[in-house]
Amino acid sequence: MAVTNHIRRSMIFLNTQRAALVKEAFVYHPDCVIFDLEDAVAEGEKDSARIQLYQTLKNVDYQGVERWVRVNALDSDLINEDIRAAVAGGAEGIRLPKTETAAEVQAAADKIAAAETEFNRPVGKTMMMAALESPLGIMNAYEIATASDRMMGIALSAGDYTRTMHAKRTVAGTELFGARSQMLIAARAAGVMAFATVYTDTDNEAGFVDELRLIKDMGFDGKSCINPKQIGVTHAVFNPSAAEIKHAEHVMQAVADSKANGVGVLTVDGKMVDIAWVEGAQRTLKLAQAAGIYKGALV
């Protein structure tokens, strides 16, 4: 089963052809990097990009940063070699673009399994993530998310989605609300993670922060990034605040104190709290611990 309890606030796309960039990206401390073999690589440079990918995966110490590879589409003649290079190099996961059906996930999973066998990798270890980029992909989000035990998460890719919806990109993101909501519901029902699309206006930090706060409040696990300067901002927004950590501690302590008395409803920090709040408090503390900002014990 895919690892879904790893912290993945930020996932930065890297052009695999740019050797200096891919070899040094870990210094910006993203949670994950995505080596791009798809849109960022010119058609005539796919082979050289795979060679660069393999050498980077084998020879660069990413110091705990999770390494993903965005391969070319399943209906291309490139995906087999993309997957072989990624698996041979030891990437933690494969990001499948333009995913619309569960059958596509299953077909890609079969290719990954074959590559794992070929290169003596543990079969089943390589995770998968599917990018949903069309109305059909959004409609099939739950089936896609549950199509393989390798599935770690699903991600929205807004460029193609808004184009096929005949929609215009807005600052408020109104055109994405339906897709975000449906995808997030599907991810939670499937027990996988959910990731929001990139924010392309890299000079508009205020707008970026607004979008981060929106998707965090909605329940997303993280965001795809395209510029290193977006990473620290993303972490700052997604990390629990000091007040959230303190309240979570109070909830956990109050629940523990009440067990002996058989009390089910409590008042914590002036708010009514029942047992349903415990999961949220636990998640807050686990996220804070994974982010390195909480050293307390987890209950």
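I began with Cys225, which is buried at a relative accessible area of 0%, where buried means under 20% relative accessible area, exposed over 50% and partly exposed in between (1.4 Å probe, protein chains only). The model is a predicted one, in which local features need pLDDT of at least 70 and side-chain atom pairs count only at pLDDT 80 or more, while totals for chains, interfaces and linings use all residues. Residues are numbered from 1 along each chain as its sequence is written, and side-chain values use heavy atoms, with hydrogens and water left out.

**Cysteines**

I then looked for the cysteine sulfur closest to that of Cys225 and found it in Cys32, at 10 Å, which is too far for a bond. Cys32 is likewise buried, with a relative accessible area of 0%, and from its side the closest cysteine sulfur is the one in Cys225. I note 0 disulfides in the structure, a disulfide being a pair of cysteine sulfur atoms within 2.5 Å.

**Thr234**

I looked up Thr234 next and placed it in helix H10 (residues 229-238); helices (H or I, at least four residues) and strands (E, at least two) are DSSP runs, numbered from the N terminus. Thr234 counts as buried, at 0% relative accessibility. Leaving aside neighbours within four places in sequence, I find Thr234 in contact with Arg9, Ser10, Phe208, Leu212, Lys223 and Cys225, contact meaning heavy atoms within 4.5 Å.

**Barrel**

I followed the strands and found that 8 of them close into a barrel, in the order S1-S2-S3-S4-S5-S6-S7-S8, with parallel pairing. The twist from one strand to the next averages 25°; axes are lines fitted to C-alpha atoms, for helices over the stretch in contact, and angles run from 0 to 180 degrees between N-to-C directions. Two strands pair if DSSP finds at least two bridges between them.

Strand S1 (residues 10-15) and strand S2 (residues 32-36) run parallel and are joined by 5 bridges, and I see Leu14 opposite Phe35 in S2. Further round, strand S5 (residues 127-132) pairs with S6 in the parallel sense over 5 bridges, where Ala131 stands opposite Ala155 in S6. S6 also pairs with strand S7 (residues 193-196), again in the parallel sense, over 3 bridges, and the bridge partner of Gly153 in S7 is Met193. I checked how covered strand S6 (residues 151-156) is, and 6 of its 6 residues are buried.

**Nonpolar cores**

For the cores I used sets of buried Ala, Val, Leu, Ile, Met, Phe, Trp, Tyr and Cys residues joined through side-chain atoms within 4.5 Å. The largest has 65 residues, and those with the most contacts inside it are Phe35, Tyr62, Val69 and Ile154. Apart from that core lies another, of 14 residues, among them Ile245, Leu266, Ala288 and Tyr294. I listed what Tyr62 touches, not counting residues up to four places away in sequence, and obtained Leu14, Val22, Lys23, Phe26, Val33, Phe35, Thr56 and Arg67.

**Salt bridges**

Side chains of opposite charge can pair when their charged atoms come close. I searched the whole structure and counted 20 salt bridges, each a side-chain nitrogen of Lys or Arg within 4 Å of a carboxyl oxygen of Asp or Glu.

One of them joins the side chains of Glu38 and Arg70 (3.3 Å, N to O). Glu38 lies in the loop between S2 and helix H2 (46-59) and Arg70 in strand S3 (residues 66-70), so this pair ties together parts that are 32 residues apart in sequence. I note that both Glu38 and Arg70 are buried, and that a network of salt bridges links Asp36, Glu38, Asp39, Arg70 and Lys98.

A second entry is Asp221 with Arg188, whose side chains meet in a salt bridge (2.9 Å, N to O). Because Asp221 lies in the loop between helix H9 (205-218) and strand S8 (222-225) and Arg188 in helix H8 (residues 177-190), the pair ties together parts that are 33 residues apart in sequence. Asp221 is buried at a relative accessible area of 13%, whereas Arg188 counts as partly exposed at 40% relative accessibility.

I closed with Lys216 and Glu244, which form a salt bridge with their closest N and O atoms 3.8 Å apart. Lys216 lies in helix H9 and Glu244 in helix H11 (residues 242-258), so this pair ties together parts that are 28 residues apart in sequence. Lys216 is partly exposed, with a relative accessible area of 24%, and Glu244 is partly exposed at 38%.
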